Amino acid sequence: MNFVASWFGLGTLRQQLLRWVLVPMVILLLLNIMFAYRFGNANADLMHDQSLFDMSKVLRDQMRTNQAGEVELNIHTFALDMLSEGKKDKLYYFIRGLRNEYQFGRPDLPLPPEKLSESPTYYLAHYDGKMIRMMAAIMPEPDVADGRLIVIVGKTLVQHDERAREWIWGVLPSQLSLILFAGIMVWWGVGRGLRPLLQLSDEVRNRSSQDLSPLPEQRVVAEVRPLIHSINQLMERLDESLVRQRRFIDDAAHQLRTPLTGLKAQAELALHLSDPAEIRHSLRQIHMASDHAAHLANQLLVLARSEPGVQNNRSMVRLDLRDLARDITVKWAQNAAHKHKDIGFEHDNHECYISGDRLLLGELLNNLIDNALRYTQADGLVTVRVGCGDAEVSLEVEDNGPGIPENDRERVFERFYRVLGTSQEGCGLGLSIVHEIAHRHDAEVRLLSGCNGIGTLVRVVFRSA
Ligand SMILES: Nc1ncnc2c1ncn2[C@@H]1O[C@H](COP(=O)(O)OP(=O)(O)OP(=O)(O)O)[C@@H](O)[C@H]1O
Ligand SMILES: [Mg+2]
């Protein structure tokens, strides 16, 4: 069963090639046998008919009219034996005058389907329990009265069939050996062609998981080279991503260590304090440090979730960005009021559909609003805006805060990068998260100045769906 499955399925390269070479060759062989059989048969017919004609001639040569005026047939058996070719076949004949005035041989021999004529008719008939091929004709014979007589001759088909078979056996062995040879050559050739690939596969199997150096492309056949080239490119990308990940883990560990060390120190200090006011102060410090650690852990998790390849595209749905942005802005209203800042939402009056991951887009917007509220002075104004173009949907978060200096606009997207001089807490991951999530959505992030060059405007442009 397995064999059948692998033979008809994709199977190995060898099986595929054998299939593509051998199956057409076998079909060709069968056709060839059919043609050889037909040709052999036609050829045997020709030779058989020639011998029937010769036989009729031998018989006519033996015809005489004696002195009494009677027609005689002095048949010499050896002459007929010669025509019977090794006595394999049985010969039959019937000769008579045009008006039936004399008869020799077997009068019950079957007649041809057509009317007798002077040109010989050849036909197959059943006689004496055998198939025989016959010839019948009105033939000239000067030794008899009227100068013409009717000759019917027939011969069994033993020699005839032998000849036809000889034709087939003449072509069959050479063709079979050709197929066998082609099969062996394919088997051997594929093995030889694949040897470098198998060596390469051994090398890859024995490699350490750290070794992502490129595989040698020149050692394999040209057809496989693009595959090896693509694998090498993939390994290169994998290597880059591993380096990036390692660096990120180092940075994350370093960033996490700071608040945790602070927490530990504050807790130890608090344990030795007896003044309730000092203890309260320490607890407040501990609270702030744990808040920071929790925020950092949360940002790291979101960043990890928004990395490419973490989630598959099943979480992408068609959604109205306007609804999502409105819901999230509403959630931030209380936080803004608490900070004495104003947050507003502007939108086009129609639906703005994009294909996106609801959770990730929520995180993107949370980070943009958080930044706008965090870095804008009290009484600041934050506006969330969704706009629809023909093929694009834009999401903007604008504030009238201090803005981001031109020089830092590239760098703020780097992980853990923070602009110096802000008094606000943060871990420098928010805009990296925005960048990753936008990238996941094939969207473009632009960092601009706000209205009249004041504040910050972050615009994310999505393709509409
Ligand atoms: N709306 C803004 N106005 C002014 N400065 C901003 C604004 N948004 C970001 N920045 C600057 O860009 C830096 C990077 O921002 P990002 O959101 O990546 O990190 P963060 O806010 O410091 O930390 P996190 O968001 O991870 O808590 C911030 O430190 C801040 O200085
Ligand atoms: Mg931030």
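pLDDT is the predictor's confidence in each residue, on a scale from 0 to 100. You'll want that in hand, since this is a predicted model.

**Exercise 1. Find out how confident the model is, and where confidence is lowest and highest.**

Solution.
- Start with the whole protein: the mean pLDDT is 89, and 94% of the residues reach 70 or more.
- Now go to the low end. Helix α1 (residues 2-8) has the lowest confidence, with a mean of 54.
- At the other end sits β14, where confidence is highest, at 97.

**Exercise 2. Work out which domains the largest nonpolar core lies between.**

Solution.
- First, get to know the core. It has 39 residues, and L321, L364, L368 and I369 make the most contacts inside it.
- Next, list the elements that each supply at least two of its residues: the helices α6 (276-306), α7 (321-338), α8 (358-375) and α9 (430-440), along with the strands β11 (381-388), β12 (392-399) and β14 (456-463).
- Of these, α8 gives the most, with eight residues.
- Finally, bring in the domains. Residues of this core come from both domain 2 (225-306) and domain 3 (314-463), so the core lies between the two.
- Want a close-up? Pick L368: setting aside neighbours within four places in sequence, L368 touches V397, V434 and V458, with C-beta atoms within 7 Å.
- Don't stop there, though: a second, separate core of 19 residues includes M55, F94, V144 and I152.

**Exercise 3. Decide whether α9 is largely enclosed or largely open to the outside.**

Solution.
- You need one cut-off: a residue is buried if 20 or more other C-beta atoms lie within 10 Å of its own.
- Go along the helix with that in mind. The buried residues of α9 are G430, L431, S432, I433, V434, H435, E436, I437, A438 and R440.
- That makes ten of the eleven residues, so α9 is largely enclosed by the rest of the structure.
- What do they pack against? The buried residues of α9 have α6, α8, β13 (444-449) and β14 as their packing partners.
- One last stop: just after α9, D442 takes a positive phi of about 55°.

**Exercise 4. Describe what surrounds ligand 1.**

Solution.
- Count the shell: 22 residues surround ligand 1, and the closest are N371, V419, G426, G430 and L431.
- Then see where they come from. The elements giving two or more residues are α8 and α9, and α8 gives the most, with four.
- Last, sort the shell by character: nine residues are nonpolar, eleven are polar and two are charged.

Terms used: Residues are numbered from 1 along each chain as its sequence is written. Chains are lettered from A and ligands numbered from 1 in the order in which they are written. This is a predicted model: local features need pLDDT of at least 70, side-chain atom pairs count only at pLDDT 80 or more; totals for chains, interfaces and linings use all residues. A nonpolar core is a set of buried Ala, Val, Leu, Ile, Met, Phe, Trp, Tyr and Cys residues joined through C-beta atoms within 7 Å. A residue is buried if 20 or more other C-beta atoms lie within 10 Å of its own, exposed if 12 or fewer, and partly exposed in between; C-beta atoms are placed from the backbone. Domain bounds come from an automatic or database domain assignment. Two residues are in contact if their C-beta atoms, placed from the backbone, lie within 7 Å. A residue is near a molecule or strand if its C-beta atom, placed from the backbone, lies within 6 Å of it. Ala, Val, Leu, Ile, Met, Phe, Trp, Tyr, Cys and Pro count as nonpolar, Asp, Glu, Lys and Arg as charged, and the others, Gly among them, as polar.
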